[in-house]
Amino acid sequence: MNAVPRQDEVHIASFVVQHREDAAVALAAAVSVHPDLELAVPGPTRSVVLCESADRHAVMDRVDQLKDVPGVLNVLLVYHHAEPGHALDEPLPTANASGAPA
């Protein structure tokens with residue numbers, strides 16, 4: 001069954017990538033070839049990668065592609081959020097003094 005991606009949907013995900021110390025450069029290079037990825041927190045053996053895509057399948061494809069980088073030991077999907085793209089352009093509700101939406 002092939003699901004048709006919803007139009008105007010934004011998927012935001014974050015991954016923790018565990019890798020060997022000598023794989024950090026290869027990981028950075030792999031991230032740089034995908035415009036929907038960002039190496040948010042590079043580290044010697046663990047790094048955080050962000051993904052923003054219009055397709056949930058692309059998120060999982062990026063997990064698989066990062067796993068294939070030589071020296072990468074594991075890619076853990078930590079967070080995944082999806083919503084219509086137009087919702088990201090809507091103003092946020094203001095909060096009162098207690099922090100609850102007004």
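**Close-up views of a predicted model**

**View 1. Alanine 58 in helix H2.** Alanine 58 belongs to helix H2. In this predicted model, the residue has a relative accessible area of 13% and is therefore classed as buried, the cut-off for that class being under 20%. Alanine 24 serves as a reference point elsewhere in the chain: 34 residues separate alanine 58 from alanine 24 in sequence, and their C-alpha atoms are 22 Å apart.

**View 2. The salt bridge between arginine 62 and aspartate 36.** Across the whole structure, the search finds one salt bridge. It is formed by the side chains of arginine 62 and aspartate 36, with a nitrogen-to-oxygen distance of 3.0 Å. Distant parts of the chain are linked by this pair, for arginine 62 is located in helix H2 and aspartate 36 in the loop between H1 and E2, 26 residues apart. Both partners, arginine 62 and aspartate 36, are buried.

**View 3. The buried face of helix H1.** Helix H1 spans residues 24-32, and within it Leu27, Ala30 and Val31 are buried. Viewed down the axis of H1, these buried residues fall within an arc of 100 degrees and so line one face of the helix. An α-helix has 3.6 residues a turn, so residues three or four places apart point the same way. The elements against which the buried residues of H1 pack are E1, strand E2 (37-41), strand E3 (46-53), helix H2 (56-67) and E4. Val25 and Ser32, on the other side of H1, are exposed.

**View 4. Alanine 28 of helix H1 and proline 42.** Alanine 28 is also a residue of helix H1. Its relative accessible area is 32%, so alanine 28 is described as partly exposed; this class lies between the limits of 20% for buried and 50% for exposed. From alanine 28 to proline 42 the C-alpha to C-alpha distance is 8.2 Å, with the two residues 14 places apart in sequence.

**View 5. Glutamate 9 and its surroundings.** Strand E1 contains glutamate 9. With a relative accessible area of 16%, glutamate 9 is buried. Its side chain makes a polar contact of 2.9 Å with the side chain of histidine 11. When neighbours within four places in sequence are set aside, the residues in contact with glutamate 9 are Ser53, Ala54, Glu83, Pro84 and Gly85.

**View 6. Histidine 11 and its contacts.** Like the residue of the preceding view, histidine 11 is part of strand E1. The relative accessibility of histidine 11 is 3%, and the residue therefore counts as buried. The 2.9 Å polar contact with glutamate 9 joins the two side chains. Apart from residues up to four places away in sequence, histidine 11 touches Cys51, Glu52, Ser53, Ala54, Asp55, Arg56, Val59, His80, His81 and Ala82. Ser53 and Ala54 are thus listed among the contacts of glutamate 9 and also among those of histidine 11.

**View 7. A nonpolar patch on the surface.** The patch is formed by Ile12, Leu76, Val78, Tyr79 and Leu88, which together have about 450 Å² of accessible area. Strand E4 (residues 72-84) supplies the largest share of the patch, with three residues. Isoleucine 12 lies in strand E1, which covers residues 9-19. At 30% relative accessibility, isoleucine 12 is classed as partly exposed.

Note on methods. Residues are numbered from 1 along each chain as its sequence is written. This is a predicted model: local features need pLDDT of at least 70, side-chain atom pairs count only at pLDDT 80 or more; totals for chains, interfaces and linings use all residues. Side-chain values use heavy atoms; hydrogens and water are left out. Patches are made of residues with over 30% relative accessible area and no salt bridge: like charges are joined within 9 Å, nonpolar side chains (Val, Leu, Ile, Met, Phe, Trp, Tyr) within 5 Å. Accessible areas come from the Shrake-Rupley method with a 1.4 Å probe; for residues, only the protein chains shown count as cover. A salt bridge is a side-chain nitrogen of Lys or Arg within 4 Å of a carboxyl oxygen of Asp or Glu. Helices (H or I, at least four residues) and strands (E, at least two) are DSSP runs, numbered from the N terminus. Buried means under 20% relative accessible area, exposed over 50%, partly exposed in between (1.4 Å probe, protein chains only). The arc is that of the directions from the helix axis to the C-beta atoms. Contact means heavy atoms within 4.5 Å. A polar contact is a pair of N or O atoms within 3.5 Å; within protein, one must be able to donate a hydrogen and the other to accept it, and residues adjacent in sequence count only if both atoms are side-chain atoms.
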